[in-house]
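Please open the model in the viewer and keep a selection tool at hand. The stops below are meant to be followed in order.

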Amino acid sequence: MGSLFRSAEMQLVQLFVQLEAAHDTLDELGELGLIQFRDLNQDVSAFHRHFVLEVKRADEMERKLRFFEAHITKFLSELSVMTIDRDSIPSPSPKDMNELEVHFERLEEEVQQLDTNREILIRNNNELVEMRHVLDESVHIFEESDGFARGSFEAVAPSSSEYELEEFGSSMRSKPADVEQGGSGGRLSNLGFVSGTLERGKVANFERVLWRVLRGNVFVKTSDISGAVMDPQTGDMMEKVVFLAFVQGQRALAKAQKISEAYGANLYPISDSAEERTIMRREIQVRIDDLEVVLESSRERMCEVLSGIKANLAAWKTLVAKEKSIYHTMNMFNYDVGRQCLIAEGWCPASSQNDIQLALRRANERSGALVPSILRPVETKDTHPTYHVTTEFTGCFQEIVDMYGVNRYREVNPGVFTIVTFPFLFGVMFGDVGHGSILLLLALYLFWQRRRVPEGQQPSELLLNRHLILFMALSAIYCGFLYNECFAVSMNIFGSRYYYDIPNIEADNYEAQVRKGYKNYAYPFGVDPIWKGSKNELDYFNSLKMKMSVVMGVAQMVLGICLSVFNARYFKKAYNLYFEFIPQILFMLSIFGYMVFLIIFKWLTNWEHVDMEAPRLLNLIIEMCLMPLELSDQFHIYPGQHVIQLLLLVIAAVSVPFMLLPKPFLLRRDHMREKAQGGGRRRRFQMISENEPADGSAVLAEEEDEEGDDEGAHDEEEFEFSEVLMHQVIHTIEFVLG
């Protein structure tokens, strides 16, 4: 509880490590996790530090591991995360890392070679498959070759006319019909053709462009390929067609080839001889069968290599991450070339120095260094870091506090109070027995799942927050009983104190039909179920929940102000106690504390026995602040109320200048007095620019030193009254308006 109530006491230490023992020393200290090193080379760029090559090597090894992981995800059906105990993995030595780097290079070359060969085989296979489709679909087209020779063909271009077709047919009829083979496809006499495959969506534009460029002297025949095929160039699955474009003349044939290539068509030269096409079809099928066998063998080899990598991937990633962290930390140290040692500075808990000494001794034994490492405490006036020792139970609550701001060194930690206040405030907003029960089941399931996580494996964020979810569920259930709601439906557990005079109740006539029971008692726990369904249900429940939230919120704010008392006493700052805590608590209680008093007073008063309606408290507070000299009869609820309200307003008004003015002027007086004395002890004033406390109680850190002691002087600033006054003005305005 003590370490949670305040942050751990921190000590700045200086570490001298021999170069041959630095690697093992950093590894032991990293496993211990009790020291935070300072960067002593802030003015040196990352590319000019001593161990930059080792960091680059670790980055390159991480790149190779990501390359392996991507291929494992691609080729293996499931990438299961190996559960490993990170503490059980031995720390790598420089020799082991060299061997591991060579092993990674060999594996990367093998995987790249297999991947390259596989891509070439797949591309060749896809080309052969498309060519087989071209041969199959061209059979029907060449069966009509006699009709082509007689000119009995039909052009498909939308801009064709009978005159153009007759002219193209007559020019063809004047040519002999002998079959030759040549060019990129084949020729029927002087009639050549281009064959290939094209994406189905480009066919219409392709035909139109061919027709216009070749001035109608073209005949295009297409046939759809059943199903999607993989494009050899892109590797994407596409819906394609087989096309044959017949043209006249070599120049027209060259133009048709260029247009086809421009549209992304894959051209395949085939013969116009049926016998040759049959032989080619048989040869292609044999080659496809052979390629499929080779592809399967290549895939099996790739899976075999990747399976071996997968078994060690998690351990390798841990080793490389440790190695990179070690050298990245060593780059923060000063390197003494003459003594061949590294000089480091860091913060550690004062109570953990013995553990650090033991870790240094183990590292020295592992490395076999002749000179032991030296750990020396250093006195400093630098701002100490805040370190909270947390567990799985307190860690989730501490993270909530740290999201809003980290408290200053050795200040009271609000996290210990958040364990109670945060879940209960959630319950006030989320109060429902049914919904809270669902949340409770989720929390119990997370507790059960946590027991199944192997020791040494880091649990997920959801599992780490299981205690928070459990407390929120219990608070929601408790407040749900207070609101008497289960899935927004009223629960009549103890029986209402009211009964119905008639079986059927009219919603607009409750007052005449609902009467008190014979026994004058209150509902034992929570809200009477009769309020559910009443005419003023919404007003009642909104008022109840709002007032509960106000009471809890004011209580939490008062608690935050009271914590500044502990900080003022611990840091021995009397000015913070007298001119911050006392005015703040008086201002808070005179306004919001009085509001809470009125809420409780209104709850405890039986307004049926009072000759007035229950007042609206918000209007009462507004009138109190805006018209302090008047008190309406509708807001007069107890004797002496007007005098008490005037007194509270005076206290609140006087508290503001007491928060604003005395402390800066008293600090200025003390500074001038110490400056006038000139000798003996002097007081230094250090402005706190970062990590201010959550309650804002400390504005200056006062430190006393003997005259002439200049240690830590680089962190001190000369007292500036204007800055101190401005800081106090901002702090006062934030508190009063907030």
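Select Arg366 first: in this predicted model, Arg366 is partly exposed, with a relative accessible area of 39%. Add Asp27 to the selection, since Asp27 and Arg366 form a salt bridge in which the closest N and O atoms are 3.0 Å apart. The two residues belong to distant parts of the chain: Asp27 sits in helix H2 (residues 19–32) and Arg366 in helix H10 (residues 353–367), with their positions 339 residues apart. Is Asp27 buried or exposed? Asp27 counts as buried, because its relative accessibility is 5% and the cut-off for buried is under 20%. Arg366, at 39%, falls in the partly exposed range, which lies between 20% and 50%.

Now widen the selection to Asp24, Glu28 and Arg362. Together with Asp27 and Arg366, these residues are linked in a network of salt bridges. Across the whole structure, a search finds 29 salt bridges.

**Helix H3 and its partners**

Move to Arg57 and show Glu323 beside it. These two form a salt bridge, with the closest N and O atoms 3.8 Å apart. Arg57 lies in helix H3 (residues 52–75) and Glu323 in helix H9 (residues 274–330), so this salt bridge ties together parts of the chain that are 266 residues apart in sequence. Both Arg57 and Glu323 are buried.

Stay on helix H3 and select Lys64, then Glu105. Their salt bridge has its closest N and O atoms 3.8 Å apart. Here the link runs from Lys64 in helix H3 to Glu105 in helix H4 (residues 94–142), a separation of 41 residues. Lys64 is buried, with a relative accessible area of 3%, whereas Glu105 is partly exposed at 36%.

**A buried arginine without a salt bridge**

Select Arg410, in the loop between helix H11 (392–404) and helix H12 (415–429). What is the nearest side chain of opposite charge to Arg410? That side chain is Glu9, 4.5 Å away; Arg410 is buried yet has no salt bridge. The distance of 4.5 Å is to be read against the salt-bridge cut-off, within 4 Å.

Display the polar atoms around Arg410 next. A polar atom of its side chain lies 2.4 Å from the backbone oxygen of Ser7. The side chains of Arg410 and Tyr570 are joined by a polar contact of 2.9 Å. To complete the surroundings, select Arg6, Ser7, Ala8, Glu9, Tyr570 and Phe571, with which Arg410 is in contact when its neighbours within four places in sequence are left aside.

**A nonpolar patch on the surface**

Switch to a surface representation and select Tyr478, Phe481, Ile493, Phe494 and Phe525. These residues make a nonpolar surface patch of about 470 Å². Within that selection, centre on Ile493, in the loop between strand S15 (489–490) and strand S16 (498–500). Ile493 is partly exposed, with a relative accessible area of 49%.

**Two positive phi angles**

Select Asn484, in the loop between helix H15 (466–483) and strand S14 (485–486). Its phi is near 60°, a positive value in a residue other than glycine. Asn484 is buried, with a relative accessible area of 3%.

Then go to Arg215, in the loop between helix H7 (203–213) and strand S6 (218–224). The phi of Arg215 is near 55°, again positive in a residue other than glycine. Is Arg215 buried or exposed? Arg215 counts as exposed, because its relative accessibility is 71% and exposed means over 50%.

**Helix H22**

Select Glu723 in helix H22 (residues 721–737). Glu723 is partly exposed, with a relative accessible area of 41%. Add Pro664 and show the C-alpha atoms: those of Glu723 and Pro664 are separated by 9.4 Å, while the residues stand 59 apart along the chain.

**The whole model**

Finally, clear the selection and view the entire protein. Its secondary structure comes to 22 helices and 19 strands. Of the 738 residues, 44% are buried. Among contacts with a separation of 6 or more, 76% are between residues 24 or more positions apart. The protein exposes about 40,800 Å², of which carbon and sulfur atoms supply 56%.

Note on methods. Residues are numbered from 1 along each chain as its sequence is written. This is a predicted model: local features need pLDDT of at least 70, side-chain atom pairs count only at pLDDT 80 or more; totals for chains, interfaces and linings use all residues. Side-chain values use heavy atoms; hydrogens and water are left out. Helices (H or I, at least four residues) and strands (E, at least two) are DSSP runs, numbered from the N terminus. Buried means under 20% relative accessible area, exposed over 50%, partly exposed in between (1.4 Å probe, protein chains only). Contact means heavy atoms within 4.5 Å. Accessible areas come from the Shrake-Rupley method with a 1.4 Å probe; for residues, only the protein chains shown count as cover. Patches are made of residues with over 30% relative accessible area and no salt bridge: like charges are joined within 9 Å, nonpolar side chains (Val, Leu, Ile, Met, Phe, Trp, Tyr) within 5 Å. Lys and Arg count as positive and Asp and Glu as negative; His and the chain ends are not counted. A polar contact is a pair of N or O atoms within 3.5 Å; within protein, one must be able to donate a hydrogen and the other to accept it, and residues adjacent in sequence count only if both atoms are side-chain atoms.
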